[in-house]
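Visitor: I would like a close look at a single part of this model. Please take the surface patch of charged residues and explain what is around it.

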Amino acid sequence: MFFQSEKLPHPVELRDPVHGYIHIEDKVILDLINSKEFQRLRRIKQLGPTSYVFPGATHTRFEHNLGVYELTRRICEIFSKQYPSIKPNDGLWNEKENIVAECAALLHDIGHGPYSHTFEHLFGTNHEKIGTQIITDKSTEINQILSKVAPAFPEAVASVIAKTYPNPQVVKMISSQADADRMDYLQRDAYFTGVTYGSFDIERLLRVIRPYSDGICFTNNGMHAVEDYIVSRYQMYQQVYFHRINRSLEVVLNKLLERARYVYKSNTLLVTPSLQKFLDGSWTLKDYLNLDDGVMETNFSIWRESGDEILADLASRYLFRKPFASCSVNQETRNLVPKLKNYIKEAGFDPNYYTALTSAFDEPYDAYKPTGKNANSQIEIMQDDGSLIELSELSPLVKALNGTIQGSENFFFPKVMLSQNDEPQIFDPLYQEFQKYVKNGALRYQRKPTKKNNSNTRGAS
């Protein structure tokens with residue numbers, strides 16, 4: 001089933017620092033942007049606590065979704081002009097798919113909440129499922145706007161996000177290894193963090209992207225532009241998304257919310273009504289849509305005055321950027337973690353809330369892995385004869401990156417355990433013993449002292 005949208009009498013253009021302009025030609029797109037559910041995304045930062053590391057990273061889900069829409073609109077325009085379908089099942093693009101692809105792109109992150117991945121882990125929510133619920137629930141403005149296109153249109157848009165839409169070209173345009181979502185957030189995150197290695201030649205990528213029967217690929221004369229994209233992606237994970245302070249503040253945030261849930265059970269926690277519903281497990285879609293960064297930070301400010309010492313301390317640590325220290329852990333040194341937790345407990349910290357062992361492999365960002373147990377979908381390069389070859393088979397550079405370790409496992413703990421200034425604890429044997437196990441940012445076993453050989457080694461005269 002195909003859908004037709006009403007065009008605006010005069011196109012609307014929104015200025016964007018990454019793509020120049022966001023072009024809006026369809027009434028349904030403008031109406032969706034003006035809906036209260038979409039406007040809510042202005043109040044949710046794209047990168048959560050990353051602005052504590054890169055001060056400029058205060059951009060929001062709102063402009064990211066607009067950027068993904070704009071890239072998708074441009075791809076649809078390119079496909080419609082250069083690769084129009086001539087007959088059924090020819091593997092080319094049917095321009096009647098444009099509006100469903102563009103609406104799905106605009107709404108692909110509509111279900112994200114504040115501190116989304118941390119929040120999801122703790123409260124068992126799922127932004128994609130909530131996103132489809134927002135789109136299909138008749139009480140939302142978004143559903144009412146989409147339904148004006150056609151009664152079945154909300155379900156069609158939701159199915160793209162759920163990856164069940166029958167045309168894989170539409171799905172992979174928004175959700176694949178080289179999709180409009182990743183292309184936008186890499187460039188947008190690089191721009192707002194102020195780093196340069198997240199930049200890649202997006203104009204070239206758009207010139208060499210094309211549809212085929214099972215999805216999206218790139219022509220062989222654009223392989224190096226795709227390489228550039230993969231390298232930029234790798235660098236962003238290593239330098240921004242996996243940054244140790246960023247990960248540390250995620251840990252503080254997670255422990256803060258864990259402690260809040262624990263204290264709430266004792267009926268001694270002051271909390272705003274919308275977050276209260278999550279703490280007692282009785283939340284509705286309306287409650288979810290009432291959450292944003294401001295609501296969460298209001299609660300954190302209230303909790304700074306909490307009678308619970310741990311909760312008050314963790315809230316202050318998060319709001320005033322007091323991250324935990326960390327050291328890398330490998331398979332051999334993992335056995336030392338319980339010993340260090342005991343030292344931390346002796347120092348007066350509850351290890352349940354002041355320590356964590358986390359892995360960057362589990363972060364909500366991924367690197368390109370075309371093979372192996374946890375392989376993601378492949379990036380295909382179309383040859384002159386129409387055959388498809390996976391990118392790493394053609395690119396030694398991408399193949400080399402596929403074989404590298406993409407993250408690390410880290411042990412987080414209070415920074416005071418590593419005191420190396422004039423604080424009194426530097427002379428405390430407990431702290432000195434702890435520090436023997438941490439060197440150059442890594443957990444290590446203590447070296448046993450070597451015995452000196454005092455024997456006379458000179459030859460007989």
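Guide: What follows starts with the whole chain, goes to the patch, and then visits a few other places for context.

The model is predicted. The chain has 461 residues, and 55% of them are buried. It has 22 helices and 11 strands. Along the principal axes, its C-alpha atoms fill a box of roughly 95 × 75 × 35 Å.

Now the patch. R244, R321, K322 and K415 form a positive surface patch. Arg and Lys are the residue types that count as positive. Two members of the patch, R321 and K322, can be followed in detail.

Take K322 to begin with. Its place is the loop that runs between α17, residues 309-319, and β5, residues 325-329. The relative accessible area of K322 is 49%, so this residue is partly exposed. The label "exposed" is kept for values over 50%, and "buried" for values under 20%. A residue needs over 30% relative accessible area to be part of a patch, and K322, at 49%, meets that condition.

R321 lies in the loop between α17 and β5 as well. R321 is partly exposed because its relative accessible area is 36%. That value, too, is over the 30% that a patch requires. The backbone at R321 has a feature to note: its phi is positive, at about 55°, although R321 is not a glycine.

A positive phi also turns up elsewhere in the chain. N89 has one of about 60°, and N89 is not a glycine either. This residue sits in the loop between α3, residues 61-82, and α4, residues 98-107. With a relative accessibility of 82%, N89 counts as exposed, whereas R321 is partly exposed.

Helix α4, which follows that loop, holds A104. Here the surroundings are of another kind: A104 has a relative accessible area of 0%, so it is buried. From A104 to V171 there are 67 residues in sequence, while their C-alpha atoms are 9.0 Å apart in space.

A last stop is a pair of strands. β1, residues 7-16, and β2, residues 20-26, pair in the antiparallel sense over 6 bridges. The two strands form a hairpin, with 3 residues between them. In this pairing, R15 stands opposite Y21 of β2.

To return to the request: the positive patch consists of R244, R321, K322 and K415, and R321 is a member with a positive phi.

Notes:
Residues are numbered from 1 along each chain as its sequence is written. This is a predicted model: local features need pLDDT of at least 70, side-chain atom pairs count only at pLDDT 80 or more; totals for chains, interfaces and linings use all residues. Side-chain values use heavy atoms; hydrogens and water are left out. Patches are made of residues with over 30% relative accessible area and no salt bridge: like charges are joined within 9 Å, nonpolar side chains (Val, Leu, Ile, Met, Phe, Trp, Tyr) within 5 Å. Accessible areas come from the Shrake-Rupley method with a 1.4 Å probe; for residues, only the protein chains shown count as cover. A salt bridge is a side-chain nitrogen of Lys or Arg within 4 Å of a carboxyl oxygen of Asp or Glu. The place of a charge is taken as NZ of Lys, CZ of Arg, CG of Asp or CD of Glu. Helices (H or I, at least four residues) and strands (E, at least two) are DSSP runs, numbered from the N terminus. Buried means under 20% relative accessible area, exposed over 50%, partly exposed in between (1.4 Å probe, protein chains only). Two strands pair if DSSP finds at least two bridges between them.
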